[in-house]
Amino acid sequence: MSGPHGTAFSGRVGWGSRPAVLVVDLVRAYTAPGGPFELPQPGPAVDATAALVEAARAGGHPVVWTVVRYTRGMADSGLFAVKVPALAAFAEDAGGGWGELVLAPEPGEPVVAKQYASAFFATSLAATLHAARVDTVVVTGVSTSGCVRASATDALGHGFRPQVVRQACADRTPELHEQNLRDLDAKYADVVDLPEALRHLRPSSSATRA
């Protein structure tokens, strides 16, 4: 990608030899009509994520899912729910089933419950990926400007190569989506297109790895 950041921000982290797909918060709250965080057009991102998950499974690569989950009464929500009151939809006693995943994990695929934006903050995710010898995290899900951005940024900080797949993320406007992808690509991750990510995940991949 190109953007307004200039040549000082022109590096690429590239792909390692052991990728994993991270599906961030792809739940009904964002995709179902009337959801508290309903996105205008989540379908393409859901379809692209499904393709990446299928490719990862076929290639023998880990797939990890995240959901936002709070205890009854929101005692573990901290100040995040003060800032974003609609997060109460993810409390264990909330109605609507808004925290249900849109795509189904297979048995053995971890589902990491988190309370804040980043999939890595105060969770077991980094340890799980390091134990599996993962070096590259393919980031998908919602929303681009929120939990996807935070997770990709923290992936870099934990020593992983973040690859954010443009077509597999979504936000409330195309402008918000693209602005955050440009910033991520300049500073914290490589933003890649779906065909490139699929080539690296499929078992017949002949892509050159960094």
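This tour moves through the model stop by stop, from confidence to strands to the largest pocket.

The model is predicted, with local features requiring pLDDT of at least 70 and side-chain atom pairs pLDDT 80 or more, while totals for chains, interfaces and linings use all residues. Residues are numbered from 1 along each chain as its sequence is written, and side-chain values use heavy atoms, without hydrogens and water.

**Confidence**

Colour the protein by pLDDT, the predictor's confidence in each residue, from 0 to 100. The average is 95, and 95% of the residues score at least 70. Next select residues 205-210, where pLDDT stays under 50 and the model has 14 contacts beyond four places in sequence; a contact means heavy atoms within 4.5 Å.

**Strands**

Select strand S1, residues 19-24. Strands are DSSP runs (E, at least two residues) and helices likewise (H or I, at least four), numbered from the N terminus. Six of the six residues in S1 are buried, that is, under 20% relative accessible area, against over 50% for exposed and in between for partly exposed (1.4 Å probe, protein chains only). Pro-19, Val-21 and Val-23 point one way, and Ala-20, Leu-22 and Val-24 the other way.

Add strand S4, residues 136-142, which pairs with S1 in the parallel sense over six bridges; two strands pair if DSSP finds at least two bridges between them. Here Ala-20 stands opposite Val-137.

Then add strand S2, residues 63-68, which runs parallel to S1 and is joined to S1 by four bridges. Leu-22 stands opposite Val-64 in S2.

From S2, continue to S3, with which S2 pairs in the parallel sense over four bridges. The bridge partner of Val-67 is Ala-113 in S3. Along S3, residues 111-114, Val-112 and Lys-114 point to one face and are buried, whereas Val-111 and Ala-113 point to the other and are not.

**The largest pocket**

A pocket is an open set of points on a 1 Å grid over the protein atoms alone, where a 1.4 Å probe fits, with protein on both sides within 12 Å along at least five of seven lines; lining residues have an atom within 4 Å of a point. The largest pocket has a volume of about 230 Å³, the space filled by probe spheres set on the points. Select Gln-41, Cys-169, Ala-170, Asp-171 and His-177, the closest to its centre of the 14 lining residues. Helix H2 (43-59), strand S5 (161-170) and helix H6 (174-187) each give two or more residues to the lining, and S5 gives the most, with four.
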